[in-house]
Amino acid sequence: MKKTINNSRMKWAGAVLARFVAALGSVLFSLTAAVGFAQTPSDSSAAQRRAVHLGYGINLSEWFAQVYDAKGYTKEHFDTWTTAQDIALIKAMGFDHVRLSVNPQPMFRRGQADRIPEEYLGYLDRAVQMILGQRLALIIDVHPESDFKQKLATDDGFVEQFADYWRALARHYSATNAELVSFEILNEPEFHDRYRWQGVQGKLAGAIREGAPQHTIIVAGAYWSSESELLFFDPLRDTNIIYNFHFYEPHIFTHQGATWSTNYVHYLKDLPYPSTPENVREAAALIPDAVNRLQAIHYGLDRWNAPRIDGEIGQVAAWAKRWGVPVICNEFGVYRKTSNQQDRAAWISDVRTTLEKYGIGWTMWDYSGGFGVVTKQEGHPAIPDAATVKALGMKMPPVQQ
């Protein structure tokens, strides 16, 4: 009798285990479908074709995102920060596209995120028309502040609201030329959990696709759009996707003197590039504590130069080749205020030529901000920086009389 009972229990346990495995398989399948992993190289012909229009670009920052102008997100700011003259100058320098950063927060109403204010859309529409009027390709880059991104990392309801917002924004621009206009899901995600970001990004891509079936979507890896995070990524099932990474390596050089960055880089100026153990000593001595000073010493020991940059970017190119997908670099640059102009130009040139070597389109950060290709004072025309223009392989426009 005892044996019979044990056999019955074993059968019952086996049936429960079978149901559990079946349910688990169903959940995993659903998660995979939601995230949209691809297991084989994708047919990305539309995305490959459109990536050709994203060869040599510039970021339009501080216009519809990161607005530090005292005017704030107002008509006066939108009308004066970047003008038709600026867009014409970008075209004249030889750029083929711009990346327009758009902060969703001024037009995001939780609970009604799909109802984007018409007045704000009107300002954005005029900017889009101005850019397309110069036959420049356009990346609409949703570029919120950190608090917004951190909510996405923890709040499922907020993700749902953001999907509603993206569906509505994509639908609004679905009538634009799909060969020239693409949608970037989120600038520099701040997700430490890579798996959560893959799920969230898959959901947001699906919402965009519902709103704009023909337009290309641009995606990135989990943490700050870095190249290492992109290497972790498996491509989405949607084939009309371009993959994107940002390149600011080594950060200690590209962000030297930046007050919003890691504290110790505030002390740095004239940190040289290429780096050697000998040439970094003077700049390293500016860092008061030994632990952080070691970071500058490591920068010298690592001997950052063109081959080292090639080694980094080459990994991304290999990943793109493996999956058969297009990749672009939507941000790279050096903070201009405290870096040596010649060394800054050398780094920009090395990154740009390496990207072009691998057939990777690029978008420099940025037009007129702290990393800018031009200097601009309110009420005055922008002045291109000749060293930066040359490093980018662009052309100085004719002097206006």
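How do the residues of the lining of the second largest pocket divide into nonpolar, polar and charged? The model is predicted, and its pockets make a good place to start.

The second largest pocket has a lining of 13 nonpolar, eight polar and five charged residues. Its space comes to about 630 Å³. In total, 26 residues line this pocket. Nearest its centre lie D86, H380, P381, A382 and I383. Two elements, α4 (84–93) and β10 (383–384), each give at least two lining residues. The largest share comes from α4, with five residues.

Now turn to the largest pocket. About 920 Å³ of space lies there. Its lining is made of 32 residues. Look for E188, W224, H255, W260 and E331, which lie nearest the centre. Two strands and two helices each supply at least two residues of the lining: β1 (56–64), β6 (241–247), α6 (146–152) and α9 (227–232). By class, this lining holds ten nonpolar, 13 polar and nine charged residues.

How is such space found at all? Empty space shows up when a probe the size of a water molecule is rolled over the atoms.

Next, the backbone. Most peptide bonds are trans, and most residues other than glycine have a negative phi. Four places in this chain deserve a look on that account.

Take the peptide bonds first. The bond from E249 to P250 is cis, with omega near -10°. P250 sits in the loop between β6 and α10 (251–254). Strand β6 is also one of the elements that supply at least two residues to the lining of the largest pocket. A second cis peptide bond joins W365 and D366, and here omega is about 0°. D366 belongs to the loop between β8 (361–364) and β9 (374–375).

Then consider phi. E62 has a positive phi, near 60°, though it is not glycine. This residue is part of strand β1, and β1 is another contributor of at least two residues to the lining of the largest pocket. R135 also has a positive phi, near 60°, and is likewise a residue other than glycine. R135 lies in the loop between α5 (118–133) and β3 (137–142).

Is each of these two side chains' residues buried or exposed? E62 has 16% relative accessibility, so it counts as buried, the cut-off being under 20%. R135 has 56% relative accessibility, so it counts as exposed, the cut-off being over 50%.

How values were computed: Residues numbered from 1 in each chain as written. Predicted model: local features only at pLDDT ≥ 70, side-chain atom pairs only at ≥ 80, totals over all residues. Heavy atoms only, no water. 1 Å grid on protein atoms, 1.4 Å probe; cavity = no way out; pocket = protein on both sides within 12 Å on 5 of 7 lines; lining within 4 Å. Points joined across faces, edges and corners; volume = space filled by probe spheres on them. Helix = DSSP H or I, 4+ residues; strand = E, 2+ residues; numbered from the N terminus. Nonpolar A, V, L, I, M, F, W, Y, C, P; charged D, E, K, R; others polar. Buried < 20%, exposed > 50% of the residue type's maximum accessible area, 1.4 Å probe, protein only.
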